[in-house]
Amino acid sequence: MSTPDIRVEKGHAEPEEVAAITAILLARAAATPTIPTHRGRTKAGWRRLEREPGFRAPHSWR
């Protein structure tokens, strides 16, 4: 344990400041997300052409 887990790249941070940042990061990592991670379509918006029939009637065009 001779190397620190958190290192200050620029400036001078007191031990209390490093402890506060560490506590915030650990709290955020432990928090469960309340927003669903996947929002959107359940089905793709495109179709594979090789699975489509060869001809579509004009009245079925979109």
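**Notebook: surface, helix and contacts**

I began with burial: of the 62 residues of the protein chain, 0% count as buried. I note that the model is a predicted one.

Entry on the surface. I looked up the accessible surface of the protein chain and found about 6,900 Å². Carbon and sulfur atoms hold 58% of this area.

Entry on secondary structure. I recorded one helix and zero strands in the protein chain. Helix 1 covers residues 15-30.

Entry on the nonpolar patch. I asked which residues make a nonpolar surface patch of about 290 Å². I found Ile-21, Ile-24 and Leu-25. I then placed Ile-21 in helix 1. I read a relative accessibility of 47% for Ile-21, and therefore entered Ile-21 as partly exposed, since that class lies between the 20% and 50% limits.

Entry on Glu-17. I located Glu-17 in helix 1 as well. Is Glu-17 partly exposed or buried? I entered Glu-17 as partly exposed because its relative accessibility is 45%. I also looked up a contact of its side chain: a polar atom there lies 2.8 Å from the backbone nitrogen of Glu-14.

Entry on salt bridges. I asked how many salt bridges a search of the whole structure finds. The search gave one. I identified the partners as Glu-9 and Arg-7, whose closest N and O atoms are 2.8 Å apart. I checked the accessibility of both partners: Glu-9 is exposed, and Arg-7 is exposed too.

Closing entry. I have on record one helix, a nonpolar patch that includes Ile-21, and a salt bridge between Arg-7 and Glu-9, in a chain where 0% of the residues count as buried.

Notes: Residues are numbered from 1 along each chain as its sequence is written. This is a predicted model: local features need pLDDT of at least 70, side-chain atom pairs count only at pLDDT 80 or more; totals for chains, interfaces and linings use all residues. Side-chain values use heavy atoms; hydrogens and water are left out. Patches are made of residues with over 30% relative accessible area and no salt bridge: like charges are joined within 9 Å, nonpolar side chains (Val, Leu, Ile, Met, Phe, Trp, Tyr) within 5 Å. Accessible areas come from the Shrake-Rupley method with a 1.4 Å probe; for residues, only the protein chains shown count as cover. A salt bridge is a side-chain nitrogen of Lys or Arg within 4 Å of a carboxyl oxygen of Asp or Glu. Helices (H or I, at least four residues) and strands (E, at least two) are DSSP runs, numbered from the N terminus. Buried means under 20% relative accessible area, exposed over 50%, partly exposed in between (1.4 Å probe, protein chains only). A polar contact is a pair of N or O atoms within 3.5 Å; within protein, one must be able to donate a hydrogen and the other to accept it, and residues adjacent in sequence count only if both atoms are side-chain atoms.
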